[in-house]
Amino acid sequence: MGTRRAILAAAGAEFGAHGFDGARVVRIAESAGVSHQLITYYFGGKRGLYEALSERWLEESMQVSQTHTFAEATRRYVHWAHEDPAWVHTLTREEPDTRPPAEDERATELFKHVEELRERQRRGEFRSDLDVGALSLVFFAASIAPVALPWISRELTGQDPASPEFIDHYAEQVGRIISALAEATVNETPPDDHAAVGDASADTAPVEGEPQE
């Protein structure tokens, strides 16, 4: 199992640096200290490596999501992206017009994630008027922003996005924003215009000098 983990770690770094098309199995083998043939034995080649990495990332992500509140899960995603930036770089290097390896499996897991968020929404973790797909996309992007957009992160916050102090603060702020979505009240509908006028006329005393009915 140690050898397999070493291969996956080397593959993550390779895909993060070069993308799927630019990655080379021979470089992965050299970095992991194994033979090319051993990678073929374990994974069947480059595509199998990418699929295995995608599966591992999704499993870890789903485990966090299922065992924590949405706010806490997103805090942990921020730290995870900081500690293991290779998967962020791998995702951001995917070609927009090309189907990535393991796309179907990834789509299935992400669909489960959206359904889970709908259940959280029903339990009151966040507002009922929010679209869960958009919500998930926004906070996924937020969780990887310090890694994916370091220059913009630095300019917007005036801090080093790679520092542990920034990550701690940023993760806490993202969690607070999610918590605020649950605290905001959306069930208070504005009163009917005619009712408001009626209430005002009933509660307001006549101005001095005006005739009273």
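Okay, so when I say contact today, I mean heavy atoms within 4.5 Å. Keep that in mind, and keep in mind too that this is a predicted model.

With that in hand, here's the overall picture. Take the contacts in the protein chain between residues at least 6 apart in sequence: 64% of them join residues at least 24 apart. As for secondary structure, we've got 11 helices and zero strands, so reading along the sequence you just get α-α-α-α-α-α-α-α-α-α-α. The chain has 213 residues, and 36% of them count as buried. Its accessible surface comes to about 13,200 Å², with 53% of that belonging to carbon and sulfur atoms.

Let's go inside. In soluble globular proteins, nonpolar side chains tend to be buried together. Here, the largest nonpolar core has 28 residues, and the ones touching the most other members are Ile-7, Phe-15, Ile-28, Ile-39, Phe-43, Leu-49 and Trp-87. Which helices feed that core? At least two residues each come from α1 (2–22), α2 (25–32), α3 (36–43), α4 (46–67), α5 (70–83), α6 and α8 (132–148). There's another core apart from that one, with 18 residues, including Phe-139, Ala-145, Phe-166 and Leu-181.

Pick out Ile-39 for a second. Setting aside neighbours within four places in sequence, Ile-39 is in contact with Ile-7, Val-25, Ile-28, Ala-29, Val-34, Gly-44, Gly-45 and Leu-49.

Next, Ala-86, which sits in helix α6, residues 86–92. Is Ala-86 buried or exposed? The cut-off for buried is under 20% relative accessible area, and Ala-86 has 18% relative accessibility, so it counts as buried. And who does Ala-86 meet beyond its neighbours within four places in sequence? That would be Gly-12, Ala-13 and Gly-16. Look at Gly-12 in particular: Ala-86 and Gly-12 are 74 residues apart in sequence, yet their C-alphas are 5.5 Å apart in space.

On to a helix pair. People describe two packed helices by the angle between their axes and the distance between the axes. For α4 and helix α7, residues 103–122, the angle is about 10 degrees and the axes are 10 Å apart. That makes α4 roughly parallel to α7. On the α4 side you'll find Tyr-50, Ser-54, Leu-58, Met-62, Ser-65 and Gln-66, and they meet Glu-105, Arg-106, Glu-109, Leu-110, His-113, Glu-116 and Arg-120 in α7. So what kind of residues make up this contact of α4 with α7? By class, it's four nonpolar, four polar and five charged.

Stay on α7, since Gln-121 is in that helix too. Gln-121 has 17% relative accessibility, so this one counts as buried as well. Leaving out neighbours within four places in sequence, Gln-121 is in contact with Phe-126, Arg-127, Ser-128, Leu-130 and Val-132.

That hands us over to Phe-126, in the loop between α7 and α8. Phe-126 is buried, at a relative accessible area of 3%. Again skipping neighbours within four places, Phe-126 is in contact with Phe-70, Leu-117, Arg-120, Gln-121, Val-132, Leu-135, Leu-181 and Ala-182. Two of those names you've heard already: Arg-120 was in the α4 and α7 contact, and Leu-181 was in the 18-residue core. One last distance: Phe-126 and Ala-180 are 54 residues apart in sequence and 8.1 Å apart in space, C-alpha to C-alpha.

That's my tour, thanks.

Technical notes: Residues numbered from 1 in each chain as written. Predicted model: local features only at pLDDT ≥ 70, side-chain atom pairs only at ≥ 80, totals over all residues. Heavy atoms only, no water. Helix = DSSP H or I, 4+ residues; strand = E, 2+ residues; numbered from the N terminus. Buried < 20%, exposed > 50% of the residue type's maximum accessible area, 1.4 Å probe, protein only. Core = buried A, V, L, I, M, F, W, Y, C linked by side-chain atoms within 4.5 Å. Areas by Shrake-Rupley, 256 points an atom, 1.4 Å probe, with all protein chains shown as cover. Axes fitted to C-alpha atoms, helices over the stretch in contact; angles between N-to-C directions. Parallel < 35°, antiparallel > 145°, perpendicular 65-115°, else oblique. Nonpolar A, V, L, I, M, F, W, Y, C, P; charged D, E, K, R; others polar.
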